Amino acid sequence: MNDTDAPQNPSDSGSPRRDRREATSRRKKGGAITAGIIVLALGAYAAVDAYDLVPGLPGVLTTEPQVEVQTVPTPQAHAQQVPAPASAVDDSAPVPTQIPKTIDAVLKDSKVKGFGLEVRDGISDDVLYAKDETKPRTPASVTKVLTAAASLSAIGGEKRLATTTDFDADTNTLTLTGGGDVLLSAGDSDPGSVNGHGGLRTLAEDTAAALKDQNITEVALNLDTSRYVGEDFDSGWSRSDIAKGVITPIQPIMVDTAYVGSKNADWRGRSEHPAKDAFSIFEKELKKTGITVTEATDRSESEAPSESENPKELARVESATISEIVEYALVHSDNVVAEMLGNEVAIAQGQDGSLENGPKAVLEALGESVDLGRTHLVDTSGLSYDNRIAPHDLTTVLQASVVADDSLAGLVSYFPVGGLTGTLHDRFLDERNASGVVHAKTGTLSTVTSLAGGVLDAEDRYLVFSIQIDDVDKDKILEARKTVDDIVTALANCGCR
C-alpha cells in the first residue's frame, strides 16, 4: 500500500462559512487551537473499526469464531493539522431549537429502525434531542471514548510510560522492565513520533554505556513484565484475531503494538508473544554494543524479582505523553493500545494492572465526576459484544470534556475528523459543512454501528452527540451507517431556529 494524502473536500476551499468559523476560532482563546491528528491512508478501505462494512472483508471485529475475515491492513500515517473543537466553542452563538424536527425527518426516511441517540449543547449541557437515550447498547469501539476519558483524567495527559534497565551488582544481573509502552520501536528513539517515541536500540546503547562506565562488559539478562498481572488475553476474544491484526496478548512491553512482518505490507498480523519479541530485540541490540549476555531469562513466565535483589536503574526510554497515546488509540482505533490504557488506568487508581481491573477502573475513574448510569464494560477496547453503554452516558462524558479545564479538555479533539482522518477519513466527504468539522469516534461490529462526538452547527453552536444501534441485520448495516451520517450532517447544516 502506497502512502497517500488524506482525502480532502474540494468544496471546503474558500467557503464563507468556513472562513467565519476560522475567524471565530481565532478570536476565541487568543487563537486557533489545532490538534495533530494521525491520518490513516487506507486506500479504499476504512480503518479497523469499519471492516465489517467493506465488501469482501466481513466481520473483522467480531469475536465469533465461525466468521472468517481478512487481516487488518497496516496503517500508513501522515501528520495533519485540523481545527480542534475547543477552538470553535462560542457561547454567544444561538442554540438550535428545531433539532427534534430535523432528526425525526431523517429517522422517518431511514429503512432501519431502533436507534438510540442524544444531542446536547456543548456549553450549557441542555439536551436538545433524545430517543431511547438511557438504553444500554453494544457500543463496539465507541467504548474507547470512555477508556480515553478515564486515561486523561486518572493518569494525566502529560504522563509518560518508561521502559527501563536495572542492574543488580550482587548477581551481575541486568533486567529489562516493561513499563506499559506498547509503542516502542526496535531502533532509535524518535522524539517526534508517538509510535516509536522510545526505541530499544537507544535503550540498549544507553545501558551499555552505563555498564562500561562501571567496567562491566558481561551480564545475565532478565525480562520483567510484572507490571501487569493475571491473564493477558480476555476469554471473550478469539485468538484467531491475533493473526488478523486485531488484538494481541496484553503485556507491558511491545514493539509497534506487536505487529509482525514488513511495515510496507498492506496487511499484518500481530505476535502471540509480544514481550518476548521485544526482549529478543533488546538482547540483540545490547550484544551489538559489545556487552556479553551469559544468560537470558524471560520473567514473563516466571517470578518477578525477589526483595533480596537490589537493582539500580541504568537507563530508560519514555513513551509519548498519555494525551498523544490516547489520540493514537482513537484515530487508529487500536485495540491493543486501548487495552494497555485500561491497565494503566487501573494502576493509576491504585489497583493491579490487569484486563480484569481495567474496565472497572475506567468506570470508577469517570464515575467520580459523571453519572454513567447502567454502563457495563468487560474490556476497554470494545471488542466484546458484552459491553453496554447508553447514548446518554456517552454524551455526558463528551459534554464534560468540552467545558473541562484539565487534560480531559482535549478528548474530542483527539477523535477522527470527518473526511480527513482515521476511521472517518472516507465519511462526510461530500458534505461541506460536516467535512473537516465533525470530530467523532466510530464503532462497528457485524450487527452494530455507532458514532459519538461533536460538531459545529451552521450558526457556530457546538453540539455533542451519541448515535447507536445494535442487533441490526447484517445486510442493513450500511443503511444504518448512512442514517447515522445523515443525522450528523443534518446537525452540521442546522440553523434550526
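Reader: In the hairpin of β3 and β4, which residue takes a positive phi?

Author: This is a predicted model, and in it strand β3 (residues 116–121) and strand β4 (residues 127–131) pair in the antiparallel sense over 4 bridges. Between the two strands of this hairpin there are 5 residues. The one with a positive phi, near 75°, is aspartate 125.

Reader: Which residue in β4 stands opposite leucine 117?

Author: Leucine 117 lies within the residue range of strand β3, 116–121, and β3 pairs with β4, which covers residues 127–131. The residue of β4 that stands opposite leucine 117 is lysine 131.

Reader: Why do the buried residues Ile99, Ile103, Val106 and Leu107 lie on the same side of α2?

Author: An α-helix has 3.6 residues a turn, so residues three or four places apart point the same way. In helix α2, which runs over residues 99–109, the buried residues include Ile99, Ile103, Val106 and Leu107. They are on the same side of α2 because the arc that they cover around the axis is only 95°.

Reader: Which exposed residues does the face of α2 turned away from its buried side carry?

Author: The buried residues of α2 are covered by elements that include β3, β4, β14 and α11. On the face turned away from that buried side, the exposed residues are Lys101, Lys108 and Asp109.

Reader: How many of the residues of α10 are buried?

Author: Helix α10 (residues 391–403) reaches 19 Å from its first C-alpha to its last, which is close to the 18 Å expected at 1.5 Å a residue. Among its buried residues are Pro391, Leu394, Val397 and Ser401, and what covers the buried residues includes β3, α3, α9, β13 and β14. The helix is mostly covered, and the buried count is 11 of its 13 residues.

Reader: Which residues touch the most other members of the largest nonpolar core?

Author: In soluble globular proteins, nonpolar side chains tend to be buried together. The largest nonpolar core here has 91 residues, and helix α11 (residues 477–493) gives the most to it, with 8 residues. Apart from this core lies another, of 26 residues, among them Leu174 and Ile291. Within the largest core, the residues that touch the most other members are Ile325, Leu411 and Phe465.

Reader: What percentage of the residues in the protein is buried?

Author: The protein has 11 helices and 14 strands, and it exposes about 19,000 Å², of which carbon and sulfur atoms supply 45%. Counting residues under 20% relative accessible area as buried, the share of the 497 residues that is buried comes to 60%.

Note on methods:
Residues numbered from 1 in each chain as written. Predicted model: local features only at pLDDT ≥ 70, side-chain atom pairs only at ≥ 80, totals over all residues. Heavy atoms only, no water. Core = buried A, V, L, I, M, F, W, Y, C linked by side-chain atoms within 4.5 Å. Buried < 20%, exposed > 50% of the residue type's maximum accessible area, 1.4 Å probe, protein only. Pairing = 2+ DSSP bridges. Expected span 1.5 Å × (residues − 1). Contact = heavy atoms within 4.5 Å. Areas by Shrake-Rupley, 256 points an atom, 1.4 Å probe, with all protein chains shown as cover. Arc of directions from axis to C-beta.
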